[in-house]
Amino acid sequence: MTHARRERWIAFLMVLPSIILIAIFVYGFIGWTARVALSKWDGIRPDYTWVGLENFRHLLVGQGTTARRFHIDLWNTFFFTLLFMVACVVAGLLLAILLDQKIKGEGIFRTIYLFPMAISFVVTGVVWQWVFAPGTETRLRGVNALLHNMGLDALRWGWYTDTSSIGPFHVALIPVIIAAAWQLTGYTTAMYLAGLRSIPDELRDAARVDGASEIAMYRRIILPMLQPITLSALIILGHISLKIFDLVFTMTGRGTGFVTDVPGIFMFETTFQGNHYSQGAAISIIMLLTIAVVVVPYLIYSFRREVEL
Amino acid sequence: MSRDVRWLIIASLVVVALGVGACGAPAPPPTEEAPVVPTAPPPTEEAPAVPTGSIEIFSWWTAGGEAEGLAAMYDVFAARYPEVEIINATVAGGAGSEAKAVLATRMQAGDPPDSFQVHAGHELIDTWVVADKMEPVTFIFEENNWLDVYPPGVIEVLSSGGDIWSVPVNIHRSNVLWYNKQVFEDNGLTAPTSLDEFFAAGDTLMAAGITPLALGDSGGAWVDLHVFESLLLAHLGPEADRGLWDGTTDWNGPEVTAALEDFARVMEYVNADHSALSWDQAAQLVVDGDAAMTIMGDWAEGYFKSVGLTPDVEFGYVPSPGTAGSFIMLSDSFGLPKGAPNRDGAIAWLTVCGSKEGQDAFNPIKGSIPARTDGDRSLYDVYLQSAMDDFASNEIVPSLPHGAAASEGWVTAAGDAMTLFVADLDVAAAQTAMAQACVDAGVCQ
């Protein structure tokens, strides 16, 4: 065997244990979950009786409470993902641009913006639950109390206890989106800052020499160059938000009328409290497929790019 | 080795793993159409053997009066069997949600503790007994002559298929209305005994700017089910209420409709931020006088006492409006899993749990009443004594959200229906969903 081939063979062997472990503990268990999702395991005793797509049918097009809840979950996930991603990207970009202005104490601000990422979602959920707890007219709490003290009573509302909706969008999701965006905006800020820093100064100087205003420079040159970062940020944020559980569970739970319910919470409650293992597995598989639709094309795209390079 | 070959190896590993995961499911026990009829081992004829070694007791009693009460029972056990080591295996987490998941993992892996805490009734029977994981404990009841000491209503809740499946340590009551005596006095009210009186009192309190009923359901749908089951009982009466859980009462009947309509009406008298409060935060509203009443189980008394109040002084209690004469019970109990590592030790533990000494050690500290009718009244405070009187004389009805009346799958389905109902107050949809939950649980047709 030539030296080069031997090297490649050794490299392959070094990675093989990880591949085997991932094959078993990730893909093996995914396969097993899919098998459970196609069976009728209800209760503590495993039951692998084949029922085909019945669990999926029951969740997606059924007539009962299960389907009602799951439809609400899907809409909640859609709006949460959309608004959360937009909030993180816009806020992250703005903060990064501000940080890029060569201000004093940039390091301190950068650290402050990144701090929330170090906290667990559970802690965030508990604290923001207190912040947005509305209280009542005579016993205001949290932000409502603050607004009252500032004289801004008109801005008070029920926050996550509000069960109204604009079409399929439940307004109770807004506080949850704020909490999640608060936690992860630091991530997009850091990425955009790195991206901004990587744009050579000569480009900016050249643009200014050509007479471009600051706004035009951002619009025409800088933002397009940040596109790959935006794309990868969207993918990462998207896959976090599509399977979000701990933040919502600790902050609001399912909410009255399921206004803040997400598939992750539904899966947890139906499996570990209701003992409906097959139904929980079916929800998990649907979540997996949803995330795969988002992540897999991106992986193929970025893999192809690496190959080309 | 060429690139393609390497990719082929990795890809085929992944496919094989997926396939093995999907198809190589562990050989399932023979699937049967009907739930397994659990078989009892022949009852031991001789006296239980003196246990040795250690026993592992699994529970979620990790804090406060519960943990102290459990420790007191351990002391009783240790006095009888000083040679046996007690391993206190607890899992923290509200109402045992974490503990139940841990327990499920262990039981399915064939690694049961010697005994575990479980709500008496269908939570035990429909989760563990039908899975053939439990030994019946009828022989313990017979050997100790407990059938004379436990009310027949309790024995009924504990039984399935002619056998008794757990030893109840305590009894809690669900249908209690707690109220702030000062608020009632200030507004010239007396404790309501019927739903009409309740709504009338509610109107007076609303006019005075006080929340009539404090509700805190951030902890889950069980709190809403808790209030709802009092309304069901008020409209159905104890006999028909019990029939809801064995299929003899029609969920589509007019009384259930009336109970749902009353629940919708009750929601008008409830604090608007109920989904941001837990049940004890709602109880605190009553303590502070921001709310007048709350419907909660008698663990609420434990809460009131923990903040320094005294029963019949600052707070009062009556059965939920319209339910006087009936006692909605729930019970923490211990069972005997099949394959318990120290079976003699487990049986000895169960004997202590069901004994007068054990129950009188546990319950005064925990804030509940003994399941036996011969508890020492002098050890219990004035509320618990009245509860003991009611327990001995009232009609006993099993509780829905606390595992006595229905299986966990049924409770979660009812809870989901309730979550939707609290938001949209659609009585017809809720009634259909509740009836469907009974069908899905395999009880109704």
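The expected span of a helix is 1.5 Å times one less than its number of residues, a rule that bears on the first two views of this predicted model.

**View 1. Helix H9 of chain A, residues 214-225, set against its expected span.** With 12 residues, H9(A) should span 16 Å at 1.5 Å a residue, and its end C-alpha atoms are 15 Å apart, which agrees. Of the 12 residues of H9(A), the number buried is one, so this helix lies largely in the open.

**View 2. Helix H1 of chain A and its kink at Val15(A).** H1(A) runs through 35 residues and reaches 48 Å from its first C-alpha to its last, close to the 51 Å expected at 1.5 Å a residue. The helix has a kink of about 35 degrees at Val15(A), which lies shortly before the proline Pro17(A). Buried positions in H1(A) are Ala23(A), Gly28(A), Gly31(A), Trp32(A), Arg35(A), Val36(A) and Ala37(A). As background to reading such a list, an α-helix has 3.6 residues a turn, so residues three or four places apart point the same way.

**View 3. The contact between chain A and chain B, seen from the residues of chain A.** The contact draws 49 residues from chain A and 46 residues from chain B. On the side of chain A that touches chain B, the elements giving two or more residues are helix H1 (3-37), helix H3 (65-99), strand S1 (135-136) and helix H12 (263-272) of chain A. H1(A), the helix with the kink at Val15(A), supplies the largest share of that side, 16 residues. Divided by class, the residues of chain A on the side that touches chain B are 18 nonpolar, 20 polar and 11 charged.

**View 4. Chain A as a whole, with 13 helices and four strands.** The C-alpha trace of chain A spans about 85 × 70 × 30 Å along its principal axes. Of its 309 residues, 37% count as buried. Among contacts in chain A between residues at least 6 apart in sequence, 67% join residues that are at least 24 apart.

**View 5. Chain B as a whole, with 17 helices and 17 strands.** Along its principal axes the C-alpha trace of chain B spans about 85 × 65 × 45 Å. A compact globule of 445 residues would have a radius of gyration near 22 Å, and chain B has 24 Å, which agrees. Buried residues make up 52% of the 445 residues in chain B, and among its contacts between residues at least 6 apart in sequence, 79% join residues at least 24 apart.

**View 6. The two domains of chain B and the contact between them.** Chain B is divided into domain 1, made of 54-172 + 330-398, and domain 2, made of 173-329 + 401-440. Taken over C-alpha atoms, the centres of the two domains of chain B are separated by 26 Å, and 27 residues of domain 1 are in contact with 28 residues of domain 2. On the side of domain 1 that touches domain 2, the elements giving two or more residues are helix H4 (122-129), strand S8 (170-173), helix H15 (382-393) and strand S17 (395-398) of chain B. H15(B) gives the most to that side, with five residues. By class, the side of domain 1 of chain B that touches domain 2 has 11 nonpolar, 11 polar and five charged residues.

**View 7. Ile365(B) in helix H14 of chain B, together with its contacts.** Ile365(B) lies in helix H14, residues 356-366, and is partly exposed, with 19 other C-beta atoms within 10 Å; a residue counts as buried if 20 or more lie within that distance. Apart from neighbours within four places in sequence, Ile365(B) is in contact with Gly65(B), Glu68(B), Gly69(B) and Ala72(B). One of these, Glu68(B), is 297 residues away from Ile365(B) in sequence and 6.8 Å away in space, C-alpha to C-alpha.

**View 8. Asn145(B) and Leu425(B), two loop residues of chain B with positive phi.** Asn145(B), in the loop between helix H5 (138-143) and helix H6 (152-158) of chain B, has phi near 55 degrees, a positive value in a residue other than glycine. Asn145(B) is exposed, with 8 other C-beta atoms within 10 Å. Leu425(B), which is found in the loop between helix H16 (408-424) and helix H17 (427-440) of chain B, has phi near 50 degrees, again a positive value in a residue other than glycine. Leu425(B) is partly exposed, with 17 other C-beta atoms within 10 Å.

Notes:
Residues are numbered from 1 along each chain as its sequence is written. Chains are lettered from A and ligands numbered from 1 in the order in which they are written. This is a predicted model: local features need pLDDT of at least 70, side-chain atom pairs count only at pLDDT 80 or more; totals for chains, interfaces and linings use all residues. Domain bounds come from an automatic or database domain assignment. Two residues are in contact if their C-beta atoms, placed from the backbone, lie within 7 Å. Ala, Val, Leu, Ile, Met, Phe, Trp, Tyr, Cys and Pro count as nonpolar, Asp, Glu, Lys and Arg as charged, and the others, Gly among them, as polar. The bend at a residue is the angle between axes fitted to the seven residues ending there and the seven starting there. The radius of gyration is taken over C-alpha atoms; the globule rule is 2.2 Å times the number of residues to the power 0.38.
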